Amino acid sequence: MIEFFARKTLQALPAELAHDLAIKALGSPLSIFSKAKQMKNPVELMGITFPNPVGLAAGFDKNGDALHGLSKQGFGFLEIGTITPKPQTGNDKPRLFRLAADEAIINRMGFNNKGIDYLVNQVKQSSYKGILGINIGKNKTTANEKAVDDYVHCFEKARTLCDYITVNISSPNTPDLRELQNDQALIHLLTGIKAKQLECEQKDGKYTPVLVKISPDQNEQQLEFMVQQIIALGFDGIICTNTTVDRPKTLNSDKETINQMGGLSGKPLLKKSNETLRLVRTFAGENFPIIAVGGIIDKKDALTKLKLGANLIQIYTGFVLKGNNLIKQINDHINSENTQRL
């Protein structure tokens, strides 16, 4: 009951203030958010045993400030970030907008974070022992031609502290970042990251899987090229998808909010994200690891992702709107479906 009223209070506050307060509450030993039962529904992927297939998507806890509370929500894994080499403030406020009538959010945060050194310290001090992913990006002031240096720097700093690394080249909120998904820019970036991954493994024997997070706004030809390169260059998986810059005609919120610049997440992203997932699975074949995120607001949305070929799923907006009960509902629904097949 306390958590219910706390959630309602947060939803009445400006969106970014509510988010910041939630992070502080989840990071506190005296968190007002209830502890959820750890759901057991294990999935083996990339040599990792995930306790259940429902993870937290990157963007919610950018700096690793809330690992304490998030570890008690029932997630099978957590992904923190996006983190950059140097701290940066991100884009001007306001930059986070609720579309309540659409179960959606628009953000143009711009990789606001406290920098890789801060995150590393937070992870080292945390008592969290579950599966952890760290999502890395480039600083806004770094030219795309030198972006590989930023990604390699973050990879080296973070790789021994987590189970996998995600390369974020698909956020729409850092100028020209999505250009890194295209043609020779993509090949140059991924080649450099892969070389560093293998160099580090040779040095100390620890192989840290690297996944690439992609946009839902690529056309089919671009998408096929990306998937081909990700696989050919030896990467370990794909996360699809990030937010979209599209604004579906079905949106019901006020026009001023709908027309805010930034990435749209939540329920209206589901259809486009699912189509991207379907194509990625087709291009990648049946065995390549895929984590699906985008538009999961209820248990049926999650099951659809799995049926389209996802190995694991992540939630963000759904977690903000519905809390940890959504994690339980999804896992219960998956278990029910599996039981019916037996």
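This short talk walks through a predicted model of one protein chain, moving from its aromatic pairs to its pockets, one strand and some unusual backbone points.

Good morning, colleagues. As the structure before you is a predicted model, please take each value I give as computed from that model.

Let me begin with the aromatic rings. A pair of aromatic rings is described by the distance of the centres and the angle of the planes. How many aromatic pairs are there in this structure? The count comes to five. I shall present two of them.

In one of these pairs, the ring centres of F50 and F77 lie 5.0 Å apart and the planes meet at 75°, which is over the 60 degrees required, so this pair is edge-to-face. Where do the two residues sit? F50 belongs to strand β2, residues 48-50, while F77 belongs to strand β4, residues 77-83. The pair therefore links distant parts of the chain, as 27 residues separate F50 from F77. F50 and F77 are both buried.

Another pair is formed by F60 and F319. Their ring centres are 5.5 Å apart and their planes stand at 70°, so this pair too is edge-to-face. F60 is in the loop between β3 (54-56) and α3 (67-70), whereas F319 is in helix α11, residues 317-322. Here again distant parts of the chain are linked, with the two positions 259 residues apart. Are F60 and F319 buried or exposed? Both are buried.

F60 and F319 also take part in a wider arrangement: ring pairs join F60, F75, Y316 and F319 into a cluster. One further ring deserves mention, this time for a charge. The charged end of K194 sits over the ring of F235, at 5.9 Å from the centre of that ring.

I turn now to the pockets. The largest pocket has a volume of about 890 Å³. Which of its 50 lining residues are closest to its centre? They are G59, F60, K62, M109 and Y316. Two of these names, F60 and Y316, are already familiar from the aromatic cluster. Several elements, namely α2 (15-27), β4, β6 (104-107), β11 (263-266), β13 (312-315) and α11, each supply at least two residues of this lining. The element that gives the most is α2, with five residues. By class, the lining of the largest pocket holds 15 nonpolar, 25 polar and 10 charged residues.

The second largest pocket has a volume of about 460 Å³. Its lining consists of 22 residues, and those nearest its centre are Q11, A18, R98, V320 and L321. At least two lining residues come from each of α1 (2-11), α2, β5 (96-99), β6 and α11. Which element gives the most to this lining? It is α2, with five residues. The lining of the second largest pocket divides into 16 nonpolar, three polar and three charged residues.

Next, I would like to look at strand β12, residues 290-293. In a regular strand the side chains alternate between the two faces of the sheet. In β12, I290 and A292 point one way, I291 and V293 point the other way, and all are buried. What are the partners of this strand? Strand β10, residues 237-240, runs parallel to β12 and is joined to it by three bridges. Within that pairing, C240 has A292 as its bridge partner. Three bridges also join β12 to β13, again in a parallel arrangement, and there I291 is partnered by L312.

Finally, I come to some unusual backbone points. A cis peptide bond joins G81 and T82, with omega of about 10°; T82 lies in strand β4. Another cis peptide bond joins K93 and P94, where omega is about -5°, and P94 lies in the loop between β4 and β5.

Positive phi values also appear in residues that are not glycine. F111 has a phi of about 55° and is found in the loop between β6 and α4 (116-125). Why does F111 count as buried? Its relative accessibility is 4%, and buried means under 20%. For D176, phi is near 70°, and this residue is found in the loop between β8 (164-168) and α6 (183-204). D176 has a relative accessible area of 52%, so it is exposed.

Thank you for your attention.

Notes. Residues are numbered from 1 along each chain as its sequence is written. This is a predicted model: local features need pLDDT of at least 70, side-chain atom pairs count only at pLDDT 80 or more; totals for chains, interfaces and linings use all residues. Side-chain values use heavy atoms; hydrogens and water are left out. Rings of Phe, Tyr and Trp (its six-membered ring) pair if their centres lie within 6.5 Å; planes under 30 degrees apart count as stacked, over 60 as edge-to-face and the rest as tilted. Helices (H or I, at least four residues) and strands (E, at least two) are DSSP runs, numbered from the N terminus. Buried means under 20% relative accessible area, exposed over 50%, partly exposed in between (1.4 Å probe, protein chains only). A charge sits over a ring if NZ of Lys or CZ of Arg is within 6 Å of the ring centre and within 35 degrees of the ring normal. On a 1 Å grid over the protein atoms alone, a cavity is a set of points where a 1.4 Å probe fits but cannot get out, and a pocket is an open set with protein on both sides within 12 Å along at least five of seven lines; lining residues have an atom within 4 Å of a point. Grid points are joined across faces, edges and corners, and a volume is the space filled by probe spheres set on the points. Ala, Val, Leu, Ile, Met, Phe, Trp, Tyr, Cys and Pro count as nonpolar, Asp, Glu, Lys and Arg as charged, and the others, Gly among them, as polar. Two strands pair if DSSP finds at least two bridges between them.
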